[in-house]
Amino acid sequence: MTYRSPLLNRTGAVAASGPDAGVAWHYGDPVAEQRALARGGAVVDQSHLGVVRLTGRDRLSWLHSITSQDVEHLAPRTSTELFVLSPQGRTEHAVALVDDGTSTWFITERDHVEPLVAWLERMKFMMRVEITDVTDSYAAIGEPVDAEGTETEPVTWRDAWPEVVGGGTRYGPPAAEHPGADRDWRLVLVPREQLADAVAEREAAGWRLAGTWATEALRVEAWRPRLAREVDDRSVPHELDWLRTAVHLHKGCYRGQETVARVHNLGRPPRRIVMLHLDGSQHVVPEAGAEVRRDGPDGKVVGHVTTVARHHELGPVALAVVKRNVPTDATLAVVGPVGAGEDAEQIAVAAAQEVVVPGEGVSADRPAARGETMRGLSPRGTDGAQSLL
């Protein structure tokens with residue numbers, strides 16, 4: 001059954017589409033909503049997200065053994081992220097996680113809940129763990145607050161991005177210099193029947209109700225990857241600089257760890273995420289999935305756009321995943337349809353690239369090279385080596 005939030009009944013609400021279907025894109029004034037969210041005075045309906053609850057005494061040690069994050073001794077009300085990877089190290093699921101002392105809570109994209117729960121059930125074996133899809137019982141609301149939930153608050157997940165959490169590493173700039181440093185964000189879980197009241201409580205305190213236009217624009221500005229947008233069936237975490245928050249490099253074995261370690265140690269993930277500043281003179285922007293071409297609209301396809309947004313200060317911007325060897329000063333164009341069907345207009349938009357993951361694909365703490373170790377690999381910081389994936 002298609003989900004529809006009760007907040008879409010608000011006057012002026014315009015429904016979102018794609019992975020945000022079911023909640024509002026905006027409520028009539030997207031620029032004002034985005035400004036309110038940026039200055040810390042807005043609440044966002046995120047009730048379209050999926051929620052899973054794990055109980056049982058083995059839940060944390062079990063998750064520690066099968067996922068990318070070190071959660072064996074995770075303290076209550078401490079937020080983290082983790083991946084479920086394929087045996088080849090590709091990203092299958094990304095989960096925002098917090099434990100309240102008796103239960104572990106997952107927040108993820110709604111269409112990932114069913115396959116995630118099914119995989120977890122297959123991996124239980126004799127472990128004392130119970131897994132429950134509680135999406136129909138709990139709803140998430142988003143707020144620009146940089147604080148973990150307290151004992152008197154509902155279950156709350158704080159987004160640590162762009163911090164480098166324990167055991168992680170980075171490909172982009174340090175957190176203090178990162179454009180996401182000023183983006184405060186957390187998700188609060190409330191009983192679904194209390195969603196409207198929880199939003200109204202924040203509005204009574206002077207906050208504005210904002211839509212996903214605002215959240216996505218600020219996410220793009222912060223270079224923050226999202227499972228439903230930036231991840232495809234070839235994605236490895238390094239390409240998206242997601243080792244900052246979702247991977248512990250020094251924990252025990254788990255599925256996909258070999259690829260994580262190899263790419264970290266040897267460098268050169270096959271692709272890299274970039275932020276694009278789009279030419280807004282045509283008054284239309286391409287959609288997610290549009291091609292990124294090198295040397296103009298007739299040039300070679302080198303990647304694809306994953307998220308497009310209109311930022312209240314930066315104008316039209318996008319996140320894209322491109323081949324690692326695309327020069328950082330390359331002239332790029334984004335080419336794709338606007339609209340759907342046979343009548344869709346094909347447009348080409350010039351794009352300026354802002355580097356997120358550098359082209360050399362070397363993390364901040366990659367082990368120093370000891371000389372050439374195998375044909376095709378170069379010492380750290382040199383050019384020309386090929387990806388091992």
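**Exercise 1. Find the annotated C-terminal domain and say what the chain does there.**

Start with the record: an unreviewed UniProt entry puts the feature "domain: Aminomethyltransferase C-terminal" at residues 271-330. UniProt positions follow the numbering used here, feature names are shortened, and annotations may be inferred rather than shown by experiment. Next, look at the secondary structure: residues 271-330 are 0% helix and 53% strand. Helices (H or I, at least four residues) and strands (E, at least two) are DSSP runs, numbered from the N terminus. Last, check the ends: their C-alpha atoms sit 15 Å apart.

Some ground rules for the rest. Residues count from 1 along each chain as its sequence is written, and side-chain values use heavy atoms, with hydrogens and water left out. The model is predicted, so local features need pLDDT of at least 70 and side-chain atom pairs count only at pLDDT 80 or more, while totals for chains, interfaces and linings use all residues.

**Exercise 2. Work out which elements build the largest nonpolar core.**

First, the term: a nonpolar core is a set of buried Ala, Val, Leu, Ile, Met, Phe, Trp, Tyr and Cys residues joined through side-chain atoms within 4.5 Å. Buried means under 20% relative accessible area, exposed over 50%, and partly exposed in between (1.4 Å probe, protein chains only). The largest core holds 27 residues, and Phe83, Trp242, Val247 and Met275 have the most contacts inside it. Two or more residues come from each of strand S5 (80-85), helix H5 (212-221), strand S13 (271-278) and strand S16 (315-323). S16 gives the most, with three residues.

Now zoom in on Trp242. Skipping neighbours within four places in sequence, its contacts (heavy atoms within 4.5 Å) include Phe83, Trp161, Arg226 and Val247. Another core lies apart from this one, with 20 residues, among them Leu60, Trp62, Val84 and Phe106.

**Exercise 3. Say why helix H2 counts as largely enclosed.**

Count the buried positions: six of the eight residues of H2 (residues 59-66) qualify, so the helix is largely enclosed by the rest of the structure. Name them: Arg59, Leu60, Trp62, Leu63, His64 and Ile66. Then look at the cover, which includes strand S4 (50-55), S6, S7, helix H3 (110-123) and strand S8 (130-133).

**Exercise 4. Describe the largest cavity and the largest pocket.**

Set the terms first. On a 1 Å grid over the protein atoms alone, a cavity is a set of points where a 1.4 Å probe fits but cannot get out; a pocket is an open set with protein on both sides within 12 Å along at least five of seven lines; lining residues have an atom within 4 Å of a point. Grid points are joined across faces, edges and corners, and a volume is the space filled by probe spheres set on the points.

Cavity: the search finds one of 30 Å³ or more, and the largest holds about 430 Å³. It has 25 lining residues, with Leu49, Glu109, Trp157, Leu187 and Arg226 closest to its centre. H5 gives the most to this lining, with four residues.

Pocket: the largest holds about 550 Å³. Among its 19 lining residues, Ser17, Trp25, Arg229, Val308 and Ala309 lie nearest the centre. H5 and strand S15 (301-311) each supply at least two, and S15 gives the most, with four.

**Exercise 5. Is Glu193 buried or exposed?**

Locate it: Glu193 sits in the loop between strand S11 (186-191) and helix H4 (195-204). Glu193 has 64% relative accessibility, so it counts as exposed.
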